[in-house]
Structure formats: C-alpha cells, structure tokens
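The following exercises concern one protein structure. Please work through each task before reading its solution.

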Amino acid sequence: MPDSLLKLMNVNNVFLEHTQIEKHIFSVNTWDDLNMYVHKIGLKLVIGLNLMLRDGTKWNPSNAKQLLKYSSDKGYTFAGIELGNEPNLYYRHWNTTVSDVQLGSDYKELKQVLQGTAYKDSLILGPDIAGYKDKYIKTFLSHGGASVIDVLTINHYYFDGHTAKLKDFSNYSIMDHLIPELQTVMSTIRSYNGLVAWLGETSSGYGGGTPGIGNRYVAGNLWLDKLGVSAKYGLKRVLRQSLFGGHYSLIDNNNDPTPDYWLTLLYKRLVGNKVFDVPSSSNNLRLYAHCTNLNNVYNYMPGSITVYALNLNSDPVILTISDLNIKSVDIFWLTPEGGDLKSQKVQLNGKTLELVHNHIPHMTPKTLGTGTMRAPGFGFIVIPDANIAACRPQSHGPIIG
C-alpha cells in the first residue's frame, strides 16, 4: 500500500546491550533489517525516540544523537519523528512523570538536535498522549510545543480491550464517542497556523486488543467508522495499531491478512482525499463519501465518487442518492465468512479473500443498478459516472497512513 506509514515507538540506541529496559533494545542487524523492509515495501517510517532517558527532569538526547547519526550514515529516511509515547501515562507504568510544561521544553531540545542532522526537515509529531486531555495539550503547546511540532498527535481507543464484549464492536453510541474528541482537537489546532492533527496510534481496544474479537471481521465496524469520522472532521492521517502483534493486528501470527487488512487495502485503493457530508436516516447506518482515489487499479475516472458504509441493522438497506443520474454502481461489500461476526475470514461480494501464492488476489466489484447493503456488513460503493465537479481536478491520497 503506497504512501503508508509505519510507526516505531520508543526506539532505543542500537548499540546498547544492557540497560534496565533491555527488552526494547534493537540490535544493529534488526534496525538495518527493519529499514530495508520499510524501503522494499514502500512504507514511510515514523519513529518515536525514547523520552525516558533523562538527566534529572530533562530529556537526555545523547542516545537519540547516536541513533540519528547511524541512520543518517546508512541513508535511512524518516517521514516523522516524535518524542516518547503516551507521556501522560508514565506515572502508571514507570512511576515517573513528565509534565506538560517539561514536555514542551524537551521538544524544543529535540528540535535543536535535529537541526544538526540529515533529519532537520522531517516532520516533528507530538505529544502523542493517550486520549485528548485539553489542559495537557494546551499547556504543552504554550510552553514550546507549538513552536516545534508540525503535527499534533493523540492516541485513541474506544475501550479496554480486556473487558470489551462482542456487542461493543457494533454499537453506534460507542462509535460516536470519538466525535466530540475530534471536534475539540480541530478547535485547538485552528489557533495555530499550519498545525494539522493525526491519530498517532489507534485501534479498537487498548491493552493489546480484545482476544478472539479485535482481529476478526466485526472489528471492521469500528475501524471503517473511525476512518470516516476522522476524515469528516478534518484529520490528515490515521495510524493504525498494529501491523503485527496484539489482538488487533493487520497480519496474524501465520503472516496471513486479517479482515481489517482487506478493509484497509480497499480503503487505500478507492477513497480519495476530498470529503462530502452525507446524511443518514439511522444511527445504525453509517455513511461517508469521498471523491474516488484516481490512483487506483480500477481505472475510475475523474468525477467519480466513493461511498463507504456500515449497515448495523439486521436487514438489508438500499442506498439511494438524489440528484444523480446513475446508470450503475460498483459494489465492494464485505461480509463475514459463514455469517459469523467473529470469523477470521472476510468475503468480498460473497467470495472469501485469501492470498493466492502469497499475492493479493483480484478484488473485483459487483456492478449493479442500485447499492444494496447487506446486513450485517460494510464496504464501498463506487459511482463511476457521478460526474461530480469537485472530484474532477484533485490531488490523490486518503487520510489513512
């Protein structure tokens, strides 16, 4: 998936061998292998430097300088750099605190460190806190953060992955919890010229996800809705947790794609970056619409539109769009194999999606006269002949990273 982002959090010095946090140490070979992997598959790498290496109350950048020097000498590129991960929760995990004021100061130090490296033009992301905490964010920004960061990042999860139930993954009221948080984020960044917002780490349930559910078909409800809401309210990127590992990964322990992988792939192929506001007659019918991504494998033409939807109802729904002379629509509808919401397999228009000799199969749409949305289900409806004026001249690229 081109133009995707891989986020690596809390990178420690690749030369160190023995510290109190040895389990997080990367060997030189592992670091080299990771960067080679990122390069070969066309990802862009965002790294999080270790904020926990400190001299008293201040961040100690000596470790970061060594890592950046080594990476620069090897020619490695980073799409973004941040400092720490969820610093507002350090008191829970390590019995230490990095205040919002101190974090702003530490970010100014990071900016100085990068000025003397090949990464002086890399995006600086932060503060990457867990959830939107208004006082923490605003204090961080006013004490140096706003003069440093290019991207405001927060992490978002709907619930505790260890206690979540199957029904939570199809509950529209849980989905709606994200909306006021994003509205507050966007209100904050409007006060700072040029600042944009990302979800810097996100999935369904925190704590590693929900066993037996978080990487199954039903998890796509929360994922697709989050993508739609994030685009609607103006976020520029959404960084998914995780590619590997946990009960919410896109690749399972056998290196096979999970249902959310296929959903993400279709999103990347079909969804462009111009967003429309689409009304819905029901809370259980979630509708979003964008210009179709013209950099796609289906040869859709300028003017086409892609609607993506979740039908949380128990019955099918027919999508009607007024004021458009539609001849036909292309449907990419995803349903669980065998009708089991906890299925590890997803079907596209009734056909199970699987790798074919370790390659992505042809993912062809079904062309129909109307957009019928089966229940339960979610997916994409492309209207090739919509001829929407706003979708003719456009840049490419959806918000998901």
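**Exercise 1.** Determine how strands S5 and S6 pair.

Solution. Strand S6 comprises residues 123-130, and its pairing with S5 is parallel, over 3 bridges. Strands are DSSP runs of E, at least two residues long, numbered from the N terminus; two of them pair if DSSP finds at least two bridges between them. Within this pairing, Glu-82 lies opposite Leu-125 of S6. S5 also pairs with strand S2 (residues 43-49) in the parallel sense, here over 4 bridges, with Val-46 opposite Gly-80.

The model is predicted: local features need pLDDT of at least 70 and side-chain atom pairs count only at pLDDT 80 or more, while totals for chains, interfaces and linings use all residues. Residues are numbered from 1 along each chain as its sequence is written, and side-chain values use heavy atoms, leaving out hydrogens and water.

**Exercise 2.** Establish which residues of S5 (residues 80-83) point the same way.

Solution. Gly-80 and Glu-82 point one way, Ile-81 and Leu-83 the other way. All are buried, that is, under 20% relative accessible area (1.4 Å probe, protein chains only).

**Exercise 3.** Characterise the disulfide of this structure.

Solution. First, the structure holds 1 disulfide, a pair of cysteine sulfur atoms within 2.5 Å. Cys-291 is joined to Cys-391, S to S 2.1 Å. Next, Cys-291 belongs to strand S13 (residues 285-292) and Cys-391 to the segment after strand S21 (377-383); the pair links distant parts of the chain, 100 residues apart. The torsion about the S-S bond is about -85°, so the disulfide is left-handed. Finally, both Cys-291 and Cys-391 are buried.

Notes: Buried means under 20% relative accessible area, exposed over 50%, partly exposed in between (1.4 Å probe, protein chains only).
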